[in-house]
Amino acid sequence: MIRVLNFFCVALMGLSILALYHVSEHTRVTQMELTRVNRDIRETRNSIGVLQTEWAHVAGPARIQELAQSHGMTDTVSAQLSSFDLLPRRGDAPLNNSPLRNASAQVPQSSAAPSSMAPSSMAMVRPTLSPQPISDRSGF
Amino acid sequence: MADVPGVFQRRIVIGAVFCVAAFALVGLRLVDVSLMRGNGRSGFEDHVVTARADLVDRNGELLARDLPVKDLYARPHVFWNKDEAAHDLAAATGAEEGRLRVGFANAKHPYVLIARQVTPAIESRVMHLGLPGLEFEPSVKRYYPDGRNIAQLLGVTDPDNNGVSGLEMGLQDRIRAADDGAPVTTSIDMRVQYILAHEIAAQRQTFGAHAAGGLVMDVRTGEVLAMASLPDFDPNGRSLTGEDTTRNIMAQDVYELGSVFKIFSFALAFEDHTMHLDEIFQIGQGYKIGKYTIHEAEHMPATLAARDILAQSSNIGTAQIALRSGGVRQKQFLTHMGLLTPVQTELPEHRQSLYPANWGTIETATIAFGQGISVSPLRFAASAATIVNGGRQITPTFVKTDADRRGAQLIKPETSQQMRDLLRYVVTDGTGKNANVEGYDVGGKTGSAQVPGEHGRYIPHALRTSFFAAFPIENPRYIVFVLMDQPHGIKATGGFALAGYTAAPLAGRVISRIAPLLGVPNTTPPAQLTGGNS
């Protein structure tokens, strides 16, 4: 009986050693795999970060404006309707063949652009100080 | 009588006990590993470690980010030919060959830094050299996608990735403390920033100004939506070329701002009830104070109503109004408005205001129209925002916030209302006409100041022009302040370079472009809009 038990214990020990070796090796391989996956994740995230940065650069307002101008587009002054009070009531809406108007509209350049754009209006402005030095104030 | 165990039986029992103990230990260890530590982290980093968090604008657009690069080191003792290695590495990386030769020859240093922040292209060139003893150390490089547009405001980091200027330095603690890659959100709106920088650059070029700058600020939250300063620099190049400078003139410099300062003189007069808008003042050809005579910049009528003194920017009229309150009261008021102390924001760059130690009668008169006192543009904008936001103190911030941050009541709400009406009058009937934008009810004030040179003398024919604008003026949400240093007159302006010709139209163009983006309602009657067909 003792021999059987002894044999069983030795066999169990041998099997356990094999199992432990298998688990240990499996863990080592998995650990390497995990390291590789983590490295891949890091590199992928870095790549995504670089791509996002590049996107922020190429989609920035400066580049968009440059591209727009190269395609012959110019700045358009836009305006919004100010409030619902200014919209026509339903009963007043032109339901005949009148064209519908967008909520966002484009303002004619001549009327919406600041009057500064017109050289003629500049002549109307009164300057605040002349380029000549004001006498008697040089001590301040 | 029981059998006494033999020697072999005892040994077998002892062996069995050892085996059981060993299995018990292995079992306990398995339980420990599988159950106790099984759910923990693997111990490996599963996220990208960067030294600094991203900086983004108020809409989440990227402003600054750490990009992975590598620092290149060499172990010179393994080189066969150190001079040749130095030559090849210098050619491949752009490093200084002389430094490498000295470093390689010095046996004390086992490692020599060849180049920092090596890009993949340079790394590839170095690898093709086939040299032994080279090591690439992972590092990061701060990159700014918008480059020059926001360089002065964001600042830069040093090679060790520490912020050394701008928001990179001012927000350093937040940037370092950000968890899990969460970005630090600034108050900047990149769309507004681009428009401001673009318009300022165009106007600066048109008028050949030495420098120019501007800012856009929310008068309720104090958020600075944009701040531009020219000349600027390329934050990604890390080197200054031509006229490049890292100096942010909007925060780092102080200026005599000239007539734009008159808004404080009028606010003081409203507070003290020392004048009313229809009161007539004698202007004449000069106003003598002791041995000094104050002149107008141009011919003015013999008399002007108080409202027209601001609209036409009369120095003599403003001086008379300020003298009614007196120097002591004026200094007290300007101190109360914060104008004599630097504004404290997240920006590390700030400058102390300059004002006369002896605040006498003539100083009171000149300070009334913005000469003899120097403040930073950011300081001025913060105090001017109080004038139009209902009279409450506001401190600028560069961090996004949704809260109304208006603080103590510095001037009466009625004074703020009167000033808003006056500022609108300046734009409709005064020197600020070129800043008018149809539908957005701009109010504002021009400022054309003489530029002090060496020995305290003003430089002949040199002006520093500025324009302060608020919109929509009946209930302002935003202010725009632009500044041009020594613009030159052009043919289109009849040779004039005054604020009405240089700074006012600049502010108007900025407002016309940013107001729709910011959702400011256009009050133009629909009948005047050209509608597109849906």
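**Exercise 1. Find which residue stands opposite B:Val480 in strand 14 of chain B, then work out how strand 14 fits among its neighbours.**

Step 1. B:Ala469 stands opposite B:Val480 in strand 14 of chain B. Keep in mind as you look around that this is a predicted model.

Step 2. Now zoom out to whole strands. Strand 13 and strand 14 of chain B pair in the antiparallel sense, with eight bridges. The two form a hairpin, and six residues sit between them.

Step 3. Check for another partner. Strand 6 (residues 211-218) of chain B also pairs with strand 14 of chain B, in the antiparallel sense and over eight bridges. Here B:Gly214 has B:Val482 of strand 14 as its bridge partner.

**Exercise 2. Decide which residues of strand 14 of chain B point one way and which the other, and whether they are buried or exposed.**

Step 1. Start with the general pattern: in a regular strand, side chains alternate between the two faces of the sheet.

Step 2. Apply it. B:Tyr478, B:Val480, B:Val482 and B:Met484 point one way, while B:Ile479, B:Phe481, B:Leu483 and B:Asp485 point the other way.

Step 3. Check burial. Eight of the eight residues of strand 14 (residues 478-485) of chain B are buried, so the strand is largely enclosed by the rest of the structure.

**Exercise 3. Name the residues that touch the most other members of the largest nonpolar core, and follow one of them.**

Step 1. The core has 131 residues, and B:Ala469, B:Ile479, B:Ala507 and B:Ile511 touch the most other members. At least three residues come from each of domain 1 (55-186) and domain 2 (194-524) of chain B.

Step 2. Follow B:Ile479. Leaving out residues up to four places away in sequence, B:Ile479 touches B:Met217, B:Val219, B:Ala381, B:Ala384, B:Ala385, B:Val388, B:Phe468, B:Ala469 and B:Ala470.

Step 3. Look for a separate core. There is another one, of 16 residues, including B:Ala74, B:Ala85, B:Leu100 and B:Val112.

**Exercise 4. Describe helix 16 of chain B: how far does it reach, and what covers its buried residues?**

Step 1. Helix 16 (residues 413-429) has 17 residues and reaches 24 Å from its first C-alpha to its last, close to the 24 Å expected at 1.5 Å a residue.

Step 2. List the buried residues. They are B:Thr415, B:Ser416, B:Met419, B:Arg420, B:Leu422, B:Leu423, B:Arg424, B:Val426 and B:Val427. To make sense of the spacing, recall that an α-helix has 3.6 residues a turn, so residues three or four places apart point the same way.

Step 3. Find the cover. Among the elements over the buried residues of helix 16 are helix 10 (262-272), helix 11 (306-311), helix 15 (377-388), strand 12 (443-452) and strand 13 (458-471) of chain B.

**Exercise 5. Work out how many residues each domain of chain B gives to the contact between the two domains.**

Step 1. The domain assignment gives chain B domain 1 (55-186) and domain 2 (194-524). Their C-alpha centres lie 42 Å apart.

Step 2. The contact takes 19 residues from domain 1 and 17 residues from domain 2. On the domain 1 side, helix 5 (151-154) and helix 6 (166-170) are the elements that give two or more residues.

Step 3. Sort the domain 1 side by type: nine residues are nonpolar, eight polar and two charged.

Technical notes: Residues are numbered from 1 along each chain as its sequence is written. Chains are lettered from A and ligands numbered from 1 in the order in which they are written. This is a predicted model: local features need pLDDT of at least 70, side-chain atom pairs count only at pLDDT 80 or more; totals for chains, interfaces and linings use all residues. Helices (H or I, at least four residues) and strands (E, at least two) are DSSP runs, numbered from the N terminus. The expected span of a helix is 1.5 Å times one less than its number of residues. A residue is buried if 20 or more other C-beta atoms lie within 10 Å of its own, exposed if 12 or fewer, and partly exposed in between; C-beta atoms are placed from the backbone. Two residues are in contact if their C-beta atoms, placed from the backbone, lie within 7 Å. Domain bounds come from an automatic or database domain assignment. Ala, Val, Leu, Ile, Met, Phe, Trp, Tyr, Cys and Pro count as nonpolar, Asp, Glu, Lys and Arg as charged, and the others, Gly among them, as polar. Two strands pair if DSSP finds at least two bridges between them. A nonpolar core is a set of buried Ala, Val, Leu, Ile, Met, Phe, Trp, Tyr and Cys residues joined through C-beta atoms within 7 Å.
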